[in-house]
Amino acid sequence: LKDISFCYPNAKKTLFSNLNLEIKKGEKIGLIGKTGCGKSTLANIILGLLEPNNGVIFLDGKLVNSLKNRRNLIRWQQCIGYVPQKIYLQNKSFAENIAFGINKKEIDFQRVIHAAKLSEINNYIEETKFGYKTIVGERGINLSGGQIQRIAIARAIYRKPQILFLDEATSALDLYTEEKIINNIIKDDIEYTIFLISHRLQALKQCDTIYRLNKQSLQNVSFKELDKFLYSENS
């Protein structure tokens with residue numbers, strides 16, 4: 001990302017200005033910051049879901065955030081598994097929600113089970129009445145917040161992405177389960193590049209580099225400093 005600036009229409013405050021960030025393949029990046037500082041917005045810009053007001057985004061030297069390079073953006077998005085804060089589940093089976101958007105007859109159940117095991121939801125699913133064929137209910141009404149998050153993580157993993165964007169993806173989980181999931185993902189056969197937004201120390205401790213979005217810019221934060229920043233931002 002080079003010289004990225006963004007301000008929402010009709011907003012008085014610019015979220016960030018002349019922001020620069022380089023992410024290397026296989027790197028685990030953590031992002032912290034106060035509520036409303038623009039963490040999810042920055043993720044959406046990297047994902048190509050929002051256009052920055054200024055600045056450019058390159059992938060392996062190729063421009064991806066230009067209408068003239070739409071093909072590059074599509075290729076970039078095909079590499080990504082994204083777990084947003086707001087998760088949508090259909091009134092369908094566990095398998096269909098994990099293999100979201102795939103025709104029922106084309107679902108690879110071995111991949112579904114593998115993804116569910118990594119996200120620590122497999123045991124729960126197998127204990128339900130019809131296993132992976134059990135219906136989750138409209139918007140996952142039959143599930144807890146943590147179970148919904150684990151299905152969303154499994155959904156992202158099912159796609160076999162190279163890059164995982166996790167936006168507060170484990171906020172409803174207990175610390176033990178959260179740690180197991182993150183360790184599972186890191187130890188998987190795929191060497192994921194991970195972009196992790198979180199307010200929790202436990203989730204961030206596996207990151208190679210942690211940035212704090214503050215006063216319209218990114219600041220590199222050491223793990224020793226992290227506890228201090230998270231305490232001040234949560235209080």
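Let me begin with the open sheet of three strands, whose order is β2-β1-β4 and whose pairing is antiparallel; please keep in mind throughout that this is a predicted model. The edges of this sheet are formed by β2, residues 16-19, and by β4, residues 54-56, each of which pairs on one side only. If we ignore direction, neighbouring strands here are turned by 25° against each other on average. Strand β1, which covers residues 2-6, runs antiparallel to β4 and is joined to that strand by two bridges, and if you look along this pairing you will find serine 5 standing opposite asparagine 54 in β4. Packed on the sheet is helix α1, residues 39-47, which touches β1 and β2 and whose direction makes about 45° with that of β2.

Staying with the early part of the chain for a moment, there is also a cluster of aromatic residues to point out, in which ring pairs link Phe6, Tyr8 and Phe16.

The second sheet is again open, but it has six strands, in the order β7-β8-β9-β3-β10-β11, and its pairing is mixed. At its edges stand β7, residues 80-83, and β11, residues 217-221; each has a single partner strand, so one side of each is left without a neighbour in the sheet. Here the average turn between neighbouring strands, direction once more ignored, is 20°. As a reminder, strands of a sheet pair through backbone hydrogen bonds, and they may do so in either the parallel or the antiparallel sense. For β7 and β8 the sense is parallel, and the pairing extends over four bridges, with isoleucine 80 placed opposite isoleucine 163 in β8. Across these two strands, β7 and β8, lies helix α6, residues 145-158, which runs at about 170° to β7.

Let me turn now to the aromatic side chains, of which the structure holds five pairs. In one of them, phenylalanine 94 and tyrosine 124 have ring centres 6.2 Å apart and planes at 80°, and because an angle over 60 degrees counts as edge-to-face, that is how this pair is classed. The pair links distant parts of the chain, since phenylalanine 94 belongs to helix α3, residues 94-98, and tyrosine 124 to helix α5, residues 122-127, with the two positions 30 residues apart. How accessible are these two partners? Phenylalanine 94 is buried, with a relative accessible area of 1%, while tyrosine 124 is partly exposed, with a relative accessible area of 29%. Another of the pairs brings together phenylalanine 165 and phenylalanine 195, whose ring centres lie 5.0 Å apart and whose planes stand at 35°, so this pair is tilted. Phenylalanine 165 lies in strand β8 and phenylalanine 195 in strand β9, residues 193-197, so the pair ties together parts that are 30 residues apart in sequence. Both phenylalanine 165 and phenylalanine 195 are buried.

Rings also take part in contacts with charged groups, and I would show you two examples. The charged end of arginine 111 sits over the ring of tyrosine 158, at 4.4 Å from its centre, and arginine 155 lies over the face of phenylalanine 100, at 4.1 Å from the ring centre.

Two backbone positions deserve a careful look. Aspartate 60 is not a glycine, and yet it has a positive phi of about 50°; this residue lies in the loop between β5, residues 58-59, and β6, residues 62-63. Glutamate 168 likewise has a positive phi of about 50° without being a glycine, and it is found in the loop between β8, residues 163-167, and α7, residues 175-187. Which of these loop residues is buried or exposed? Aspartate 60 has a relative accessibility of 75% and therefore counts as exposed, whereas glutamate 168, at 11%, counts as buried.

Finally, let me step back to the protein as a whole, whose secondary structure comes to nine helices and eleven strands. For 235 residues, a compact globule would have a radius of gyration near 18 Å, and the protein, with 18 Å, agrees with that. Its C-alpha trace spans about 55 × 45 × 35 Å along the principal axes. Of the 235 residues, 49% count as buried, and among contacts with a separation of 6 or more, 68% are made by residues 24 or more positions apart.

Definitions and conventions. Residues are numbered from 1 along each chain as its sequence is written. This is a predicted model: local features need pLDDT of at least 70, side-chain atom pairs count only at pLDDT 80 or more; totals for chains, interfaces and linings use all residues. Side-chain values use heavy atoms; hydrogens and water are left out. Two strands pair if DSSP finds at least two bridges between them. Axes are lines fitted to C-alpha atoms, for helices over the stretch in contact, and angles run from 0 to 180 degrees between N-to-C directions. Contact means heavy atoms within 4.5 Å. Buried means under 20% relative accessible area, exposed over 50%, partly exposed in between (1.4 Å probe, protein chains only). Rings of Phe, Tyr and Trp (its six-membered ring) pair if their centres lie within 6.5 Å; planes under 30 degrees apart count as stacked, over 60 as edge-to-face and the rest as tilted. A charge sits over a ring if NZ of Lys or CZ of Arg is within 6 Å of the ring centre and within 35 degrees of the ring normal. The radius of gyration is taken over C-alpha atoms; the globule rule is 2.2 Å times the number of residues to the power 0.38.
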